[in-house]
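The questions below take up some of the labels used for a protein model, and each answer sets a value against the rule behind the label. Please look at the structure first.

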Amino acid sequence: MNIDLTDTTASKINKALVQGRRAIGTPAVGMVLTLVIVTDEENAYDALKAASEASREHPSRTLVVIKRVSRSPRDRTSSRLDAEVRVGADAGSTGETVVLRLHGEVLNHAQSVVLPLLLPDAPVVVWWPVNAPLDPAKDPLGALAKRRVTDSYTAEQPVKDLSARAATYTPGDTDLAWTRITPWRSMLAAALDQISCEVSGVEVEGEEFNPSVELLAMWLADRLGVPVGRRGSKGPGLTAVRMETNCGPLVLDRPDGSLATLSIEGQPDRAVALQRRETSELIAEELRRLDPDETYAAALQFGVDKLGAPAANGAGEGAGESGKAPAKKAAAKKAASK
């Protein structure tokens, strides 16, 4: 069921939601959270599609906040709220969807529109697919949320954006650039747990200016305490991680964005599935946990500047934290437990 409301209020939107549920005979008790998506008109469709697919795993009320900035000085002074309420099959999910278009003065008071529409006694997650604020926790909408999801990959200067995220980090913040490297972190931790060797240097290879490359390098430098260099490639995304150990090299290579090869000295090469994931899968992963991600915080606050310049050749040529001893298997197990 689809209900269009023009020049409406939050009270009328709530009534439309109740009307829609009654018309199709769907209760609201099955929804576990409220997902607020703050985006623009251009990116709203893709973001809503990803959220709809993720809601199959996490039934939720999805509120899409689209701020319509008018070029006309007259329209900027007038306030108007338009809404599109989707329930049932029209929502494309197991929850409810409300698309909110804000015009004029109401643009500066989006939190007043969203607050009455939140599910009672349910956690709130706010996601900015693009144009995320520098300090999500202090944003009026971000202040309503238990978890705040940004995406540094969409920023004009992704690597600098990571530094800004580190400076303003608040427990509950996370970034999809971090979520994208979860399979890499799991695979590397499992590989290191199989060997009893000391790691002396690491090289991370991937697209230039890709924040996931920097985050993986910072995570490895923070957890292993060794120099970590970066090497640019044509992608897609992350393409390889090479570790130098006293037992020989350990390499996880994914040249095509789909199938990777794990090479460990003294063992046969193994093909592992390491496919790049869709945005819906990333959002679904983030909605599985609503507590602060301490591992992300530690990697983020390690700092891009501590990695030094990207390596030109070979692992270990990038500068890491000085004075740290090579990591042993215990450090690898600690990384795996995290």
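Helices (H or I, at least four residues) and strands (E, at least two) are DSSP runs, numbered from the N terminus. This is a predicted model, in which local features need pLDDT of at least 70 and side-chain atom pairs count only at pLDDT 80 or more, while totals for chains, interfaces and linings use all residues. Residues are numbered from 1 along each chain as its sequence is written, and side-chain values use heavy atoms, with hydrogens and water left out.

Q: What makes the peptide bond between Gly235 and Pro236 one to point out?
A: The bond that joins Gly235 and Pro236 is cis, with omega about 5°, and Pro236 lies in the loop between β10 and β11 (238-245). Most peptide bonds are trans.

Q: Why is Arg230 called buried or exposed?
A: Buried means under 20% relative accessible area, exposed over 50%, and partly exposed in between (1.4 Å probe, protein chains only). Arg230 has 7% relative accessibility, so Arg230 counts as buried. This residue lies in strand β10 (residues 228-233).

Q: What makes the link between the side chains of Arg230 and Glu214 a polar contact?
A: A polar contact is a pair of N or O atoms within 3.5 Å; within protein, one must be able to donate a hydrogen and the other to accept it, and residues adjacent in sequence count only if both atoms are side-chain atoms. The side chains of Arg230 and Glu214 are joined by such a contact, at 3.0 Å.

Q: Why does Gly266 count as buried or exposed?
A: The relative accessible area of Gly266 is 77%, and therefore Gly266 is exposed. Its place is the loop between β13 (259-264) and β14 (270-273).

Q: How do you know which sign phi has at Asp7 and Phe209?
A: Asp7 has a positive phi of about 50° although it is not a glycine, and Phe209, also a residue other than glycine, has a positive phi near 65°. Most residues other than glycine have a negative phi. Asp7 lies in the loop between β1 and α1 (10-24), and at 49% relative accessibility Asp7 counts as partly exposed. Phe209 lies in the loop between β9 (199-207) and α8 (211-224), and with 60% relative accessibility Phe209 counts as exposed.

Q: How do you know that β3 and β5 pair?
A: Two strands pair if DSSP finds at least two bridges between them. Strand β3 (residues 60-68) and strand β5 (residues 96-103) pair in the parallel sense over 8 bridges, and Leu63 stands opposite Val98 in β5.

Q: What makes β1 and β8 edge strands?
A: In the open sheet, 8 strands follow the order β1-β4-β5-β3-β2-β6-β7-β8, with mixed pairing. Both β1 (2-5) and β8 (173-175) are edge strands, since each pairs on one side only.

Q: What do the classes nonpolar, polar and charged show about the lining of the largest pocket?
A: Ala, Val, Leu, Ile, Met, Phe, Trp, Tyr, Cys and Pro count as nonpolar, Asp, Glu, Lys and Arg as charged, and the others, Gly among them, as polar. By these classes, the lining of the largest pocket has 13 nonpolar, 8 polar and 9 charged residues. A pocket is, on a 1 Å grid over the protein atoms alone, an open set of points where a 1.4 Å probe fits, with protein on both sides within 12 Å along at least five of seven lines, and lining residues have an atom within 4 Å of a point. Helix α2 gives the most to this lining, with 6 residues.
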